[in-house]
Amino acid sequence: MGKDKLNSRINTGESEIGTRFQRETKYSPDKMGGHALDWNSIPGQYKQYESPIAIIQLPEPLRKGETNLWNLLLERRSRREYNAGRSVPLAALSSLLWATQGLTARYGDTFFRTAPSAGGLFPVETYVSVRAVDGLHQGLYHFRPLTFDLEFLQTGDLSKDLTEAALRQDLILDAQITFIWSAIIARSRWKYRQRAYRYIYLDAGHIAQNLYLAAESLGLGACAIGAFYDDEVNRILSLDGTEETVIYMASVGWPAETKNNR
Ligand SMILES: Cc1cc2nc3c(=O)[nH]c(=O)nc-3n(C[C@H](O)[C@H](O)[C@H](O)COP(=O)(O)O)c2cc1C
């Protein structure tokens, strides 16, 4: 290939993965490539671990605090500085989990949740790394929306490891809780094939905004985290990184009264 042609390809980014991804996962009227859905192989929507250390029943979510949606939208900010010494009530964690992925309705065999999901396939799994929550040991937990409980997976404070994995963003060190969202790709790929990857990240955005608003309502502060070493976070969570992989994170804590935090 001539140098000019090569340069123009680099400049337009035509051969780059992002551009190809957009192009090759596009819907267009003449190229929908419809395929019959195999209802016998639909992946399950509820992950559970074989032998968690314990199952923690979650208390009734708190639904107190600021309830005016317009004020919450006005006040929401990414808050990165936390009062490290305080802990968060378990009922507040319960509220955050409910706000992000709680079940709210049932039609036939499908449960619907607080956040929308493409095709009602719910590919996103929620993990929380707990540093300071009343009544919980420090460690890693997996949330189960169907039974509204937590599977206790790993003991010990993971905030240093997660900070390192999140490109040394030290907001995680003082945060009382770190949310880590993964995706089980097959749940969405079953229907949407390669376009599934678009929808999975869109689903995660809805979930994170619910977290921001619920945290704000409870007087807590949240910050989305998209910058992390994927393999490192997957290693901490023991995820294979292909069939299930981290897609997004967020820190949550009591916001410090500092100038940068408003
Ligand atoms: C997809 C995404 C990834 C983000 N990743 C990070 C991150 O890694 N670290 C961080 O401090 N903030 C992160 N943020 C927060 C943004 O920096 C923040 O939303 C932006 O500066 C606007 O500020 P606001 O949220 O207070 O309105 C992320 C936000 C989004 C939506």
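## Sheet and ligand site in a predicted model

In this predicted model, seven strands form an open sheet, a sheet of 7 strands with antiparallel pairing and the order β1-β6-β5-β4-β7-β9-β8. Strands β1 (54-57) and β8 stand at the edges with a single partner strand each, so one side of each is left without a neighbour in the sheet. From one strand to the next, the twist averages 30°.

Within this sheet, strand β7 (residues 177-184) pairs with strand β9 (residues 244-253) in the antiparallel sense over 8 bridges, and T178 stands opposite S251 in β9. Helix α4 (residues 90-101) lies across β4 (124-130), β5 (139-144), β6 (149-155), β7 and β9, and runs at about 30° to β7. Helix α9 (residues 230-237) also packs on the sheet, where it touches β4, β5, β6, β7 and β9, while its direction makes about 85° with that of β9.

The edge strand β8 (residues 221-225) also contributes to the ligand site, supplying 3 residues, the largest share of the shell around the ligand. The residues around the ligand include C223, A224, I225, Q169 and Y248, together with R76, R77 and R80. By class, this shell has 5 nonpolar, 3 polar and 3 charged residues. The table lists polar side-chain atoms that lie close to oxygen atoms of the ligand.

| Residue | Distance from a polar side-chain atom to a ligand oxygen atom |
|---|---|
| R76 | 2.8 Å |
| R77 | 2.7 Å |
| R80 | 2.7 Å |

Taken alone, the ligand exposes 620 Å², of which the protein buries 56%.

Terms used:
Residues are numbered from 1 along each chain as its sequence is written. This is a predicted model: local features need pLDDT of at least 70, side-chain atom pairs count only at pLDDT 80 or more; totals for chains, interfaces and linings use all residues. Side-chain values use heavy atoms; hydrogens and water are left out. A residue is near a molecule or strand if one of its heavy atoms lies within 4 Å of it. A polar contact is a pair of N or O atoms within 3.5 Å; within protein, one must be able to donate a hydrogen and the other to accept it, and residues adjacent in sequence count only if both atoms are side-chain atoms. Accessible areas come from the Shrake-Rupley method with a 1.4 Å probe; for residues, only the protein chains shown count as cover. Helices (H or I, at least four residues) and strands (E, at least two) are DSSP runs, numbered from the N terminus. Ala, Val, Leu, Ile, Met, Phe, Trp, Tyr, Cys and Pro count as nonpolar, Asp, Glu, Lys and Arg as charged, and the others, Gly among them, as polar. Two strands pair if DSSP finds at least two bridges between them. Axes are lines fitted to C-alpha atoms, for helices over the stretch in contact, and angles run from 0 to 180 degrees between N-to-C directions. Contact means heavy atoms within 4.5 Å.
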